[in-house]
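Q: I am new to this structure and would like a close look at a single part, its nonpolar interior. Please start from the outside and walk me inwards.

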Amino acid sequence: MIDAERELRLRTLADRVVEPVRRYLARRCDAATADEVLGDVLVVCWRRLDEVPSEPAESIPWAIGVARNLLANAERAQRRRDRLTAKVIALDPPPLAVLDAGDGEPTDDAIAVRDALTRLRRDDAELLRLWAWDELESPQLATVLGISANAAAIRLHRAKKRLADELRKSAGPAGHVCSEEGSTDARR
(Lines give C-alpha, C1' and ligand atoms only; values in the text may rest on other atoms or scores of the structure.)
Protein backbone atom coordinates (compact mmCIF):
# COMPACT_ATOMS: atom_id res chain seq x y z
CA MET A 1 0.00 0.00 0.00
CA ILE A 2 1.50 3.33 -1.00
CA ASP A 3 1.68 6.18 1.48
CA ALA A 4 -1.18 8.19 -0.06
CA GLU A 5 -3.52 5.21 0.09
CA ARG A 6 -2.42 4.42 3.61
CA GLU A 7 -2.99 8.00 4.73
CA LEU A 8 -6.43 8.09 3.12
CA ARG A 9 -7.38 4.82 4.79
CA LEU A 10 -6.21 6.12 8.19
CA ARG A 11 -8.18 9.35 7.76
CA THR A 12 -11.30 7.39 6.88
CA LEU A 13 -10.76 5.08 9.82
CA ALA A 14 -10.11 8.01 12.18
CA ASP A 15 -13.32 9.74 11.06
CA ARG A 16 -15.17 6.55 11.82
CA VAL A 17 -13.67 5.57 15.19
CA VAL A 18 -12.65 8.79 16.97
CA GLU A 19 -16.06 9.75 18.36
CA PRO A 20 -17.11 6.25 19.52
CA VAL A 21 -13.70 5.78 21.17
CA ARG A 22 -13.86 9.27 22.73
CA ARG A 23 -17.30 8.50 24.20
CA TYR A 24 -16.04 5.15 25.49
CA LEU A 25 -13.08 6.83 27.19
CA ALA A 26 -15.08 9.81 28.53
CA ARG A 27 -17.23 7.43 30.55
CA ARG A 28 -14.21 5.74 32.10
CA CYS A 29 -11.52 8.33 32.81
CA ASP A 30 -10.69 12.04 33.07
CA ALA A 31 -10.45 14.23 29.97
CA ALA A 32 -6.66 14.41 29.92
CA THR A 33 -6.26 10.65 30.12
CA ALA A 34 -8.97 10.20 27.49
CA ASP A 35 -7.16 12.53 25.08
CA GLU A 36 -3.87 10.78 25.70
CA VAL A 37 -5.34 7.32 25.19
CA LEU A 38 -7.23 8.45 22.10
CA GLY A 39 -3.98 9.68 20.59
CA ASP A 40 -2.38 6.33 21.39
CA VAL A 41 -5.30 4.53 19.75
CA LEU A 42 -4.70 6.46 16.55
CA VAL A 43 -1.00 5.60 16.68
CA VAL A 44 -1.89 1.92 17.04
CA CYS A 45 -4.33 2.27 14.14
CA TRP A 46 -1.53 3.73 12.02
CA ARG A 47 0.96 1.04 12.97
CA ARG A 48 -1.49 -1.82 12.56
CA LEU A 49 -3.51 -0.41 9.69
CA ASP A 50 -3.31 -3.64 7.75
CA GLU A 51 -4.89 -5.51 10.69
CA VAL A 52 -7.80 -3.08 11.20
CA PRO A 53 -11.05 -4.54 9.85
CA SER A 54 -12.26 -2.54 6.88
CA GLU A 55 -15.97 -2.82 7.73
CA PRO A 56 -17.22 -0.04 10.05
CA ALA A 57 -19.22 -2.55 12.08
CA GLU A 58 -15.95 -4.31 12.89
CA SER A 59 -13.46 -1.44 13.00
CA ILE A 60 -15.21 0.48 15.79
CA PRO A 61 -15.22 -2.46 18.23
CA TRP A 62 -11.62 -3.18 17.22
CA ALA A 63 -10.62 0.41 18.05
CA ILE A 64 -12.57 0.32 21.33
CA GLY A 65 -10.77 -2.90 22.21
CA VAL A 66 -7.45 -1.15 21.60
CA ALA A 67 -8.62 1.79 23.71
CA ARG A 68 -9.64 -0.57 26.49
CA ASN A 69 -6.18 -2.16 26.57
CA LEU A 70 -4.39 1.19 26.39
CA LEU A 71 -6.58 2.60 29.15
CA ALA A 72 -5.76 -0.42 31.33
CA ASN A 73 -2.06 0.23 30.67
CA ALA A 74 -2.47 3.91 31.56
CA GLU A 75 -4.28 3.01 34.80
CA ARG A 76 -1.58 0.50 35.75
CA ALA A 77 1.10 3.09 35.04
CA GLN A 78 -0.74 5.64 37.22
CA ARG A 79 -0.98 3.14 40.07
CA ARG A 80 2.76 2.45 39.79
CA ARG A 81 3.50 6.19 39.85
CA ASP A 82 1.26 6.64 42.90
CA ARG A 83 2.96 3.79 44.75
CA LEU A 84 6.40 5.11 43.84
CA THR A 85 5.47 8.62 44.96
CA ALA A 86 4.19 7.29 48.28
CA LYS A 87 7.37 5.27 48.73
CA VAL A 88 9.61 8.23 47.92
CA ILE A 89 7.72 10.45 50.33
CA ALA A 90 8.03 7.80 53.05
CA LEU A 91 11.74 7.24 52.46
CA ASP A 92 12.82 10.77 51.62
CA PRO A 93 10.42 13.39 52.93
CA PRO A 94 10.82 16.90 51.57
CA PRO A 95 13.41 18.84 53.63
CA LEU A 96 10.99 21.53 54.75
CA ALA A 97 8.56 18.94 56.09
CA VAL A 98 11.37 17.37 58.06
CA LEU A 99 12.55 20.62 59.55
CA ASP A 100 9.03 21.66 60.39
CA ALA A 101 8.24 18.30 61.98
CA GLY A 102 9.77 19.27 65.32
CA ASP A 103 8.71 21.85 67.81
CA GLY A 104 9.47 25.40 66.73
CA GLU A 105 12.34 26.56 64.56
CA PRO A 106 14.94 24.07 63.33
CA THR A 107 18.15 24.15 65.29
CA ASP A 108 21.55 24.83 63.76
CA ASP A 109 22.39 21.16 64.30
CA ALA A 110 19.25 20.04 62.46
CA ILE A 111 20.10 22.33 59.56
CA ALA A 112 23.71 21.08 59.53
CA VAL A 113 22.54 17.46 59.46
CA ARG A 114 20.04 18.19 56.70
CA ASP A 115 22.69 19.94 54.64
CA ALA A 116 25.18 17.13 55.25
CA LEU A 117 22.58 14.57 54.16
CA THR A 118 22.07 16.42 50.90
CA ARG A 119 25.79 16.13 50.17
CA LEU A 120 25.84 12.37 50.73
CA ARG A 121 25.15 9.82 48.04
CA ARG A 122 21.42 9.24 47.74
CA ASP A 123 21.71 5.63 48.91
CA ASP A 124 23.61 6.66 52.03
CA ALA A 125 21.14 9.42 52.85
CA GLU A 126 18.21 7.07 52.38
CA LEU A 127 19.79 4.45 54.61
CA LEU A 128 20.46 7.00 57.35
CA ARG A 129 16.92 8.34 57.17
CA LEU A 130 15.49 4.84 57.43
CA TRP A 131 17.69 4.20 60.44
CA ALA A 132 17.21 7.54 62.21
CA TRP A 133 13.71 8.63 61.31
CA ASP A 134 11.98 5.30 60.85
CA GLU A 135 14.03 3.64 63.60
CA LEU A 136 14.81 0.57 61.51
CA GLU A 137 17.63 -1.74 62.56
CA SER A 138 19.89 -3.69 60.20
CA PRO A 139 17.57 -6.69 59.66
CA GLN A 140 14.66 -4.36 58.90
CA LEU A 141 16.82 -2.18 56.67
CA ALA A 142 17.85 -5.35 54.85
CA THR A 143 14.21 -6.16 54.17
CA VAL A 144 13.43 -2.68 52.91
CA LEU A 145 16.51 -2.52 50.68
CA GLY A 146 16.43 -6.15 49.54
CA ILE A 147 19.93 -6.94 50.83
CA SER A 148 21.34 -9.15 53.59
CA ALA A 149 21.31 -7.97 57.20
CA ASN A 150 25.10 -8.07 57.24
CA ALA A 151 25.30 -5.89 54.13
CA ALA A 152 22.78 -3.47 55.66
CA ALA A 153 24.85 -3.23 58.85
CA ILE A 154 28.03 -2.56 56.86
CA ARG A 155 26.34 0.05 54.65
CA LEU A 156 24.84 1.74 57.69
CA HIS A 157 28.23 1.89 59.41
CA ARG A 158 29.84 3.40 56.31
CA ALA A 159 26.98 5.86 55.81
CA LYS A 160 27.30 7.03 59.43
CA LYS A 161 31.03 7.58 58.89
CA ARG A 162 30.41 9.57 55.70
CA LEU A 163 27.81 11.68 57.49
CA ALA A 164 30.26 12.36 60.31
CA ASP A 165 32.89 13.35 57.74
CA GLU A 166 30.45 15.72 56.05
CA LEU A 167 29.52 17.28 59.38
CA ARG A 168 33.19 17.76 60.24
CA LYS A 169 33.82 19.42 56.86
CA SER A 170 30.95 21.85 57.35
CA ALA A 171 32.07 22.72 60.87
CA GLY A 172 35.34 24.17 59.53
CA PRO A 173 38.84 23.47 60.80
CA ALA A 174 39.23 22.91 64.55
CA GLY A 175 40.53 25.92 66.45
CA HIS A 176 39.84 28.34 63.59
CA VAL A 177 38.01 31.50 64.55
CA CYS A 178 36.52 33.59 61.79
CA SER A 179 37.15 37.29 61.97
CA GLU A 180 34.41 39.66 61.01
CA GLU A 181 36.70 42.68 60.91
CA GLY A 182 37.90 44.34 57.72
CA SER A 183 40.93 43.43 55.65
CA THR A 184 44.25 43.11 57.41
CA ASP A 185 46.25 43.31 54.22
CA ALA A 186 49.89 43.67 55.30
CA ARG A 187 50.94 45.43 52.05
CA ARG A 188 49.44 48.73 53.15
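A: The accessible surface of the protein chain comes to about 13,400 Å², an area found with the Shrake-Rupley method and a 1.4 Å probe, where for residues only the protein chains shown count as cover. Carbon and sulfur atoms account for 53% of that surface. This is a predicted model, in which local features need pLDDT of at least 70, side-chain atom pairs count only at pLDDT 80 or more, and totals for chains, interfaces and linings use all residues. Residues are numbered from 1 along each chain as its sequence is written, and side-chain values use heavy atoms, leaving out hydrogens and water.

Stepping inwards, 26% of the 188 residues of the protein chain are buried (under 20% relative accessible area; exposed is over 50%, partly exposed in between, with a 1.4 Å probe and protein chains only). The chain has eight helices and zero strands (DSSP runs numbered from the N terminus: H or I of at least four residues for helices, E of at least two for strands).

Now for the interior itself. The largest nonpolar core (buried Ala, Val, Leu, Ile, Met, Phe, Trp, Tyr and Cys residues joined through side-chain atoms within 4.5 Å) holds 23 residues, and Val21, Leu25, Val41 and Trp62 touch the most other members. At least two of its residues come from each of α1 (3-26), α2 (31-47) and α3 (56-91). The biggest share, eight residues, is from α1. Val41 is a good place to zoom in: setting aside residues up to four places away in sequence, Val41 touches Val21, Ala63, Val66, Ala67 and Leu70 (a contact means heavy atoms within 4.5 Å). There is also a second, separate core of 15 residues, with Leu91, Ala116, Leu120 and Leu156 among them.

Let's follow α3 next. Its buried residues are Ser59, Trp62, Ala63, Val66, Ala67, Leu70, Leu71, Ala77 and Leu91. Their cover includes α1, α2 and α6 (122-132). The length of α3 fits too: at 1.5 Å a residue, its 36 residues should span 52 Å, and its end C-alpha atoms are 52 Å apart, which agrees. That expected span is 1.5 Å times one less than the number of residues in the helix.

One last view takes in the whole chain: among contacts with a separation of 6 or more, 63% join residues 24 or more positions apart.
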